[in-house]
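Here are a few worked exercises to try with the structure open beside you. Have a go at each task before reading its solution.

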Amino acid sequence: SLISSSSIFSTAASRAMCENTRHRLLASESMHARNLIVLVSCQLISATATISLVTLGGIIGASLTSNKALVTLPLSLMVVAVAASAIPASMLMRRVGRRTGFMFASACAAIGMLVGVHALRTESFSLFCVAAMMVGINTAFTQQYRYAAAESVPREYVARAISFVLLGPIGGAFLGKEIVTRGEGWVPGIPYAGTMVPLSVLFVVQWTLIAALREPVVPRAVTT
């Protein structure tokens, strides 16, 4: 009887352990899927903004300055901001986490787009340069999305996860073209502000998506 009771208890314990393991695996898979969907969506938004700004940067620059040598300065400063922010972005996220760093970048870009609208309204070339640099800061953080994806999946799926996230710019190429083409006159009296406003809204959406990102508690196998 004692042996029988022990056997029953052992069987029940084994079943409980199996059930607990199954639930953990399902939760882990759910986190992997959620993170990848969030990251590819956010990559698409950042790519959309970058492509839109690259498309319009020279045109807007030419309308805001009479010095033709400075027409592409905003785009050059955006590239400089990407390069200058890459290492600080990595250091910040190592300290505060991926999610907080990405949320900061999204907020920076959303504000940057509004600064761009104000620059167009006041015809301020210097403010437009500031707006372009704020978008460049976001781009520096965006380049870290692939590392966040790698940290969210088991080691054997890292390459696939990174490839999936890098599909975002493909969608951004199509969406950016549409926003540039259709948004030019959406804000009466301020040419191209109709492109900046939707992009600011998209960065708010990006911020909201990033807030749903779940950071796995794992050793930092992938670092930058």
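**Exercise 1.** Decide whether Leu167 counts as buried, partly exposed or exposed, and say what surface feature this residue helps to form.

*Solution.* Keep in mind that this is a predicted model. Start with the position: Leu167 sits in the loop between helix H6 (158-165) and helix H7 (168-183). Next, take the relative accessibility of Leu167, which is 45%. Buried means under 20% and exposed over 50%, so Leu167 counts as partly exposed at its 45%. Finally, look at the company Leu167 keeps: with Phe164, Ile170 and Phe174, this residue forms a nonpolar patch on the surface, and together the four have about 420 Å² of accessible area.

**Exercise 2.** Work out how Thr48 is placed in helix H1, and which residues beyond its sequence neighbours are in contact with this residue.

*Solution.* Helix H1 covers residues 2-64, and Thr48 lies within that helix. The relative accessible area of Thr48 is 0%, so this residue is buried. Follow its side chain and you arrive at the backbone oxygen of Leu44, at 2.8 Å. Now set aside the neighbours within four places in sequence: Thr48 is in contact with Gly172, Leu175, Gly176, Ile179, Leu199 and Leu202.

**Exercise 3.** Find the partner of Arg98 in a salt bridge, then say whether each side of the pair is buried or exposed.

*Solution.* A useful starting point is that side chains of opposite charge can pair when their charged atoms come close. The structure holds three salt bridges. In one of them, the side chain of Arg98 meets that of Glu151, with 3.0 Å from N to O. This pair links distant parts of the chain, since Arg98 is in helix H3 and Glu151 in helix H5 (residues 145-151), 53 residues apart. Then check accessibility: Arg98 has a relative accessible area of 6% and is buried, and Glu151 counts as buried at 14%.

**Exercise 4.** Trace the salt-bridge network that contains Glu178.

*Solution.* Begin with Lys177, whose salt bridge with Glu178 has its closest N and O atoms 3.7 Å apart. Glu178 also forms a salt bridge with Arg182, where the closest N and O atoms are 2.6 Å apart. Glu178 and Arg182 both belong to helix H7 and are four residues apart, about one turn of the helix. Put the pieces together and Lys177, Glu178 and Arg182 are linked in a network. As for accessibility, Lys177 counts as exposed at 51%, Glu178 is partly exposed at 29%, and Arg182 counts as exposed at 55%.

**Exercise 5.** Compare the backbone angle phi and the surroundings of Glu123 and Tyr192.

*Solution.* Recall that most residues other than glycine have a negative phi. Glu123, although not a glycine, has a positive phi of about 55°, and Tyr192 has a positive value near 75°. Glu123 lies in the loop between helix H3 (98-122) and helix H4 (125-142), while Tyr192 is found in the loop between H7 and helix H8 (193-211). Glu123 counts as exposed at 62% relative accessibility, whereas Tyr192 counts as buried at 16%.

**Exercise 6.** Judge how enclosed helix H4 is, and whether its span agrees with the expected value or departs from it.

*Solution.* Count the buried residues: 13 of the 18 in H4 are buried, so this helix is largely enclosed by the rest of the structure. Then turn to length: the end C-alpha atoms of H4 are 26 Å apart, which agrees with the 26 Å that its residues should span at 1.5 Å a residue.

Methods
Residues are numbered from 1 along each chain as its sequence is written. This is a predicted model: local features need pLDDT of at least 70, side-chain atom pairs count only at pLDDT 80 or more; totals for chains, interfaces and linings use all residues. Side-chain values use heavy atoms; hydrogens and water are left out. Helices (H or I, at least four residues) and strands (E, at least two) are DSSP runs, numbered from the N terminus. Buried means under 20% relative accessible area, exposed over 50%, partly exposed in between (1.4 Å probe, protein chains only). A polar contact is a pair of N or O atoms within 3.5 Å; within protein, one must be able to donate a hydrogen and the other to accept it, and residues adjacent in sequence count only if both atoms are side-chain atoms. Contact means heavy atoms within 4.5 Å. Patches are made of residues with over 30% relative accessible area and no salt bridge: like charges are joined within 9 Å, nonpolar side chains (Val, Leu, Ile, Met, Phe, Trp, Tyr) within 5 Å. Accessible areas come from the Shrake-Rupley method with a 1.4 Å probe; for residues, only the protein chains shown count as cover. The expected span of a helix is 1.5 Å times one less than its number of residues.
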